[in-house]
Amino acid sequence: MSTRKRNFLVHIHPPMIRERTLTPTATFGLGIVCLTCLAVLFLTGLTLLLYYVPEQAVAYDRILHIITTLRFGRLVRNLHFHAANALLIAGAFHTMRVFLTGSYKGRVLNWFYGVALWHLILLSIFTGYLLPWDQRSYWAIKVGSSLAAYYPVVGSSVRQFLLGGSEVGPETLLRCFAWHVAAVPGLWLVLTSLHLWRVRKDGGLAAPDGSSEARIPASPLLFRAELMVAFSTLAILLALALFIDIPIVGRADPLRPPNPAKAPWFFVGIQEMVSHSAVIGGLLVPGLIALFLLLCPFVDRSQGSGGRWFARQRLSLNLVFILIGVSQVVFIIIGQFFRTTNWALTAPW
Amino acid sequence: MDVSRRDFLLKGSITIGVAAVAGVFSWIFGSVWTAPLRFSSAGWVQVSPVDRFLPGTVTPFPEYKLAIIRTVSQIGAISMECTHLGCLVNVVDRGFFCPCHSSNFGPCGEVYSGPADKPLPWYEVAEQEGRLWVYVGEKVAKPQWLDASSVDNNRGRV
């Protein structure tokens, strides 16, 4: 291709790619899905920032104003919410793809960036959750931050630092706001840049041994593929935002806890585990999962490079990973849909 | 430069697609970014829980110079500022009466007798989470009715 068209988008892509990169089943385009969600989150987030006030007395009213009196305000808020959840889910699948293909091999640093980004997703959604200051967000943060206190030694200080006190109060709202709109976006920019940069430094997509070494120009096929994934993601997000309204329930009332009070949905799995055993469910299992994710590149002694789905040599590691994933999904489903008043286990039908 | 038809159609449709998405997004976000005046909380006032307004009643809110009119099936906000010289009109049995110069208005603000020569104007209303909001930033000539059936369904929720 000619050199005069080297714009920034071209610049950050490699000039040549393996043919395999274009195979949909190699990655399912999940990285681009995440990037698209991130772009939507930045755009809608900056827009909401124009109208939101992080003050206990007015935050809830401002959200009501945004979704009723502001034209497209409800759409923008819906988009922000759906894109955040989509990022969480796509990020989980992206991690799963990288793990099940063993693509972290020889790329330990980028795997660590990925694990850090995964925690950043949780931190972002968790701090954003409180901002509407309605009953749902208030009690979810209350329950969610109490889960943190189960960690020994550091737990209560972490909670104290996050909440700006021992209770969820006006300081908490301001802290969550500061995290959500200042610290978190900065971390996103830095970590995402590092993550993408490492992909190129590591030689593009991981390729299994014996696959074709033939390379083709990235332009135009890779760009078209990425554009298509980005557009499909945008279309789905817009459709969700148009048809599924994010509810806002009554103003936060510290004197009236809902029964049952639940953490944000992605932490309900941990809440469910804690309800069985605080030490095992709240401490041991989450700690072991985090340790497993951090150490797996070192535990993995299998031969060959990554990039192959369900490689036979990695069977046991893959099984452990799938077990973790499935059990978390099951715990979240039980906690979210089967737990009713007084945390009693009841079928939802 | 030699461009095949296939290439031209492909590139053309990609360009059109990108432009369409960019257009839709600029429309949405441009509208939101330039809306602070319309959004300002000074523009919208919350009058009270919607289910306070029973069918067939007129509830004055002198502090906002408006009255909420509830018919059997509809709900609306009418200005209580006389169209003659701007006095605050009173709610009376069969409409509105201005104490300053005796203008008489019907139940929907239509002029019964002068000196006012224009009917009372209306405000836009919206219902959210069981609360009624009135946009007092702009008066409109035509009644801005809100269907009250949804209000009745939400009764008792707040």
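**Exercise 1. Which residue of β9(B) does I78(B) stand opposite?**

Solution. The structure is a predicted model.
Step 1. Locate strand β4, which spans residues 74–79 of chain B, and strand β9, which spans residues 122–128 of chain B.
Step 2. Establish the pairing: β4(B) and β9(B) are joined by two bridges and run in the antiparallel sense.
Step 3. Read off the partner: in β9(B), I78(B) faces W122(B).

**Exercise 2. Determine which other strands pair with β4(B), and describe how far β4(B) is covered.**

Solution.
Step 1. Begin with strand β3 (residues 66–70) of chain B, which is antiparallel to β4(B) and joined to it by five bridges. One of the bridge partners here is I78(B), matched with A67(B).
Step 2. Follow the chain between these strands: a hairpin of three residues links β3(B) to β4(B).
Step 3. Turn to strand β11 (residues 146–147) of chain B, which pairs with β4(B) through two bridges, again in the antiparallel sense. In this pairing, I75(B) has L146(B) as its bridge partner.
Step 4. Assess the covering. Of the six residues of β4(B), five are buried, and the strand is accordingly described as mostly covered.

**Exercise 3. Characterise the interface between chain B and chain A.**

Solution.
Step 1. Count the residues in contact: 22 from chain B and 24 from chain A.
Step 2. State the size. An interface is often described by the accessible area that is lost when its parts come together. Chain B and chain A bury about 2,500 Å² between them, and 75% of this lies on carbon and sulfur atoms.
Step 3. Search for specific interactions. The rule finds zero salt bridges across the interface of chain B and chain A, while two residue pairs are in polar contact, both at pLDDT 80 or more.
Step 4. Identify the contributing elements on chain B. Helices α1 (5–33) and α2 (36–39) each supply at least two residues of the side that touches chain A. The largest share, 13 residues, comes from α1(B).
Step 5. Classify the residues on that side of chain B: 15 are nonpolar, four are polar and three are charged.

**Exercise 4. Is G325(A) buried, partly exposed or exposed?**

Solution.
Step 1. Place the residue: G325(A) belongs to helix α13 of chain A, which covers residues 315–338.
Step 2. Compare its relative accessible area with the cut-offs. The value is 32%, and the partly exposed class lies between the limits of 20% and 50%. G325(A) is therefore partly exposed.
Step 3. Relate the residue to G164(A): the two are 161 residues apart in sequence, and their C-alpha atoms are 33 Å apart in space.

Methods: Residues are numbered from 1 along each chain as its sequence is written. Chains are lettered from A and ligands numbered from 1 in the order in which they are written. This is a predicted model: local features need pLDDT of at least 70, side-chain atom pairs count only at pLDDT 80 or more; totals for chains, interfaces and linings use all residues. Side-chain values use heavy atoms; hydrogens and water are left out. Helices (H or I, at least four residues) and strands (E, at least two) are DSSP runs, numbered from the N terminus. Buried means under 20% relative accessible area, exposed over 50%, partly exposed in between (1.4 Å probe, protein chains only). Contact means heavy atoms within 4.5 Å. Buried area is the accessible area (1.4 Å probe) that two parts lose on being put together, summed over both. A salt bridge is a side-chain nitrogen of Lys or Arg within 4 Å of a carboxyl oxygen of Asp or Glu. A polar contact is a pair of N or O atoms within 3.5 Å; within protein, one must be able to donate a hydrogen and the other to accept it, and residues adjacent in sequence count only if both atoms are side-chain atoms. Ala, Val, Leu, Ile, Met, Phe, Trp, Tyr, Cys and Pro count as nonpolar, Asp, Glu, Lys and Arg as charged, and the others, Gly among them, as polar. Two strands pair if DSSP finds at least two bridges between them.
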